[in-house]
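Work through the exercises below with the coordinates open. Try each task before reading its solution.

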Amino acid sequence: MVPVRLTGPRLAVREYHHTEEEVDALHALFGDPEVTRHLPFGPSAREDCADQIELYLEEAMAEERDTYRLAVTRIADAEEPGDATPIGQAALTLDGHGAADLGCVLARGSWGRGYAGETVGLLGDFAFGTLGLHRLTARTAAANPAPGRVLTRLGFRPEGRPRSDGSEGGVRSAGSAGGDRSDAYLFTLLAEEWPGAAARVEGG
């Protein structure tokens, strides 16, 4: 396993640690009904979050890794990103054909600070640079337009509106109960369209 560590102006994206503190942080995220409003699952129990981190680390050890579920931390919270308490999760799920689904979920106290845009920027650089992918896809809930604005500012293009979709998610900067089927928006971005770090915007 080669640990992933991405660093931006204010945020770092890294592998999870299987510690009590990281389980608490994931539970603070996925145990919050407002955070999970547009996710395909309802609030999670703490023991489920512990199991999830164990799964994340197993996925990271795969010989041919195709799933990256990573902790988002604030650089200012600790001298080392590995010591900072996660404030969100970033995810890439590869399809084996040079493309991946992208996701980002942030804790309620982190909404409205531009962290979603910075996180997606780091994932884009990683996907198109390090991993050499050619296409990224993100889904957002139709009832939650803010993530779509973040994606659009970063160059993603709307590609459709899946109806009665059961896989809400994508990029979220703000919190239909978890798992409800509702319309979604599909956004895509190709490697040649990626503006890179120089064009990254804040405010998402």
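The exercises go from overall layout to single residues, and the model is a predicted one.

**Exercise 1. Layout**

Task: State how many helices and strands the protein has, and give their pattern along the sequence.

Solution:
- Step 1. Count the elements: there are four helices and eight strands.
- Step 2. Read along the sequence: the pattern is β-β-α-α-β-β-β-α-β-α-β-β.
- Step 3. Add the burial: buried residues make up 47% of the 204 residues.
- Step 4. Add the surface: about 9400 Å² is accessible, and 49% of that belongs to carbon and sulfur atoms.

**Exercise 2. The sheet**

Task: Find the order of the strands in the sheet, then say which strands stand at the edges.

Solution:
- Step 1. Trace the pairing: the eight strands form an open sheet in the order 1-2-3-4-5-6-8-7, with mixed pairing.
- Step 2. Look at the ends: strand 1 (5–7) and strand 7 (157–160) each have a single partner strand, so one side of each lacks a neighbour in the sheet.
- Step 3. Follow the twist: from one strand to the next it averages 25 degrees.

**Exercise 3. Bridges from strand 4 to strand 8**

Task: For strand 4 with strand 5, strand 5 with strand 6, and strand 6 with strand 8, say whether the pair is parallel or antiparallel.

Solution:
- Step 1. Strand 4 and strand 5 run antiparallel, joined by seven bridges. Glycine 88 stands opposite leucine 106 in strand 5.
- Step 2. Inspect the hairpin of strand 4 and strand 5: four residues lie between the strands, and glycine 96 takes a positive phi near 85 degrees.
- Step 3. Strand 5 and strand 6 run parallel, joined by three bridges. Alanine 100 has leucine 136 in strand 6 as its bridge partner.
- Step 4. Strand 6 (residues 135–141) and strand 8 (residues 184–190) pair antiparallel over seven bridges. Arginine 135 stands opposite leucine 190 in strand 8.
- Step 5. Check the burial of strand 5: seven of its eight residues are buried, so the rest of the structure largely encloses this strand.

**Exercise 4. Helices on strands**

Task: Which strands does helix 4 lie across, and at what angle does it run to strand 6?

Solution:
- Step 1. Locate helix 4 at residues 146–153; it lies across strand 6 and strand 8.
- Step 2. Take the direction: helix 4 runs at about 155 degrees to strand 6.

**Exercise 5. One face of helix 1**

Task: Decide whether the buried residues of helix 1 line one face of the helix, or are spread around it.

Solution:
- Step 1. List the buried residues of helix 1 (residues 20–30): Glu22, Val23, Ala25, Leu26, Leu29 and Phe30.
- Step 2. View down the axis of helix 1: these residues fall within an arc of 160 degrees, so they line one face.
- Step 3. Recall the general rule: an α-helix has 3.6 residues a turn, so residues three or four places apart point the same way.
- Step 4. Turn to the face away from the buried side of helix 1: it carries the exposed residues Glu20, Glu21 and Ala28.
- Step 5. Identify the cover over the buried residues: it includes strand 2, helix 2, strand 4 and strand 5.

**Exercise 6. The cores**

Task: Which element gives the largest share of the largest nonpolar core?

Solution:
- Step 1. Find the core: it has 32 residues, and Val13, Val72, Leu92, Leu102, Leu136 and Phe156 have the most contacts inside it.
- Step 2. List the elements that give two or more residues to this core; among them are strand 2 (11–14), strand 5 (99–106) and helix 3 (115–130).
- Step 3. Pick the main contributor: helix 3 gives the largest share, eight residues.
- Step 4. Zoom in on leucine 136: beyond four places in sequence, its contacts include Leu92, Leu102, Phe128, Phe156 and Phe187.
- Step 5. Note a second, separate core of 13 residues, including Val23, Leu29, Val35 and Leu39.

**Exercise 7. Two single residues**

Task: Is tryptophan 194 buried or exposed? Is alanine 45 buried or partly exposed?

Solution:
- Step 1. Place tryptophan 194: it lies in the segment after strand 8.
- Step 2. Apply the cut-off: buried means under 20% relative accessible area. Tryptophan 194 has 13%, so it counts as buried.
- Step 3. Name its contacts beyond four places in sequence: tryptophan 194 touches Val120, Gly121, Gly124, Asp125, Phe128, Leu154 and Leu189.
- Step 4. Place alanine 45: it sits in the loop between helix 1 and helix 2. Its relative accessible area is 29%, so alanine 45 is partly exposed.
- Step 5. Check the spacing: the C-alpha atoms of alanine 45 and phenylalanine 30 are 8.2 Å apart, with the two residues 15 residues apart along the chain.

Key
Residues are numbered from 1 along each chain as its sequence is written. This is a predicted model: local features need pLDDT of at least 70, side-chain atom pairs count only at pLDDT 80 or more; totals for chains, interfaces and linings use all residues. Side-chain values use heavy atoms; hydrogens and water are left out. Two strands pair if DSSP finds at least two bridges between them. Axes are lines fitted to C-alpha atoms, for helices over the stretch in contact, and angles run from 0 to 180 degrees between N-to-C directions. Contact means heavy atoms within 4.5 Å. A nonpolar core is a set of buried Ala, Val, Leu, Ile, Met, Phe, Trp, Tyr and Cys residues joined through side-chain atoms within 4.5 Å. Buried means under 20% relative accessible area, exposed over 50%, partly exposed in between (1.4 Å probe, protein chains only). The arc is that of the directions from the helix axis to the C-beta atoms. Accessible areas come from the Shrake-Rupley method with a 1.4 Å probe; for residues, only the protein chains shown count as cover.
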